[in-house]
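Welcome, and thanks for taking a look at this one with me. Please have the sequence and the 3D view open, and then we can walk through a few points together.

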Amino acid sequence: MDRNLELVFLATDGKTVRITVNDPKDNLDEKMIKNAMSQILSANVFQTSSGAPLASMKEARIISQNVEVFNLSI
């Protein structure tokens, strides 16, 4: 099963910015995620394509999906 952690921020221009982390730790909790997002905001290293910096946390979510691959080569 594929898992991703999606961190969602609002930028100063009102746009939504998503940062995706592939294969996050299994034991993440809300406090750990908030702490990581706070550090990202404090570091001020991300911005929108128009140059607006991140302003606040909006939400975080873990996205899980099952992928079944069929080998069709003969």
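**Notes on the helix, the fold and a few residues**

1. Let's begin with helix H1, residues 30-43: at 1.5 Å a residue its 14 residues should span 20 Å, and the end C-alpha atoms are indeed 20 Å apart, which agrees. The expected span is 1.5 Å times one less than the number of residues. Helices (H or I, at least four residues) and strands (E, at least two) are DSSP runs, numbered from the N terminus.

2. Before going on, a word about the source: this is a predicted model, in which local features need pLDDT of at least 70 and side-chain atom pairs count only at pLDDT 80 or more, while totals for chains, interfaces and linings use all residues. Residues are numbered from 1 along each chain as its sequence is written, and side-chain values use heavy atoms, leaving out hydrogens and water.

3. Which residues of H1 are buried? They are Ile33, Met37 and Ile40. They cover an arc of only 55° around the axis, so they sit on the same side of H1; the arc is that of the directions from the helix axis to the C-beta atoms. On the other side of H1, Lys31 and Ser42 are exposed. Here buried means under 20% relative accessible area and exposed over 50%, with partly exposed in between (1.4 Å probe, protein chains only).

4. What do the buried residues of H1 pack against? Their partners are strand E1 (2-11), strand E2 (16-22) and E3. A contact means heavy atoms within 4.5 Å.

5. Do look at both ends of the helix. At the start of H1, a side-chain oxygen of Asp29 comes within 3.2 Å of the backbone nitrogen of Lys31. After H1 comes Asn44, with a positive phi near 50°, although Asn44 is not a glycine. Asn44 belongs to the loop between H1 and E3.

6. Stepping back, the protein chain has one helix and three strands, in the order β-β-α-β along the sequence. Its radius of gyration is 16 Å, where a compact globule of 74 residues would have a value near 11 Å. That radius is taken over C-alpha atoms, and the globule rule is 2.2 Å times the number of residues to the power 0.38. The C-alpha trace spans about 55 × 30 × 15 Å along its principal axes, and 22% of the 74 residues count as buried.

7. Arg3 in strand E1 deserves a close look. Is Arg3 buried or exposed? Arg3 is buried, because its relative accessible area is 18%. Its side chain makes a polar contact with the side chain of Asp26 (2.6 Å). A polar contact is a pair of N or O atoms within 3.5 Å; within protein, one must be able to donate a hydrogen and the other to accept it, and residues adjacent in sequence count only if both atoms are side-chain atoms. Not counting residues up to four places away in sequence, Arg3 touches several others, among them Val21, Asp23, Pro24 and Ile62.

8. Asp23, in the loop between E2 and H1, has a positive phi near 50° without being a glycine. Asp23 counts as exposed because its relative accessibility is 61%.

9. Finally, Val69 lies in the segment after strand E3 (54-65). Val69 counts as exposed, because its relative accessibility is 70%. The C-alpha atoms of Val69 and Asp23 are separated by 19 Å, with the two residues 46 apart along the chain.
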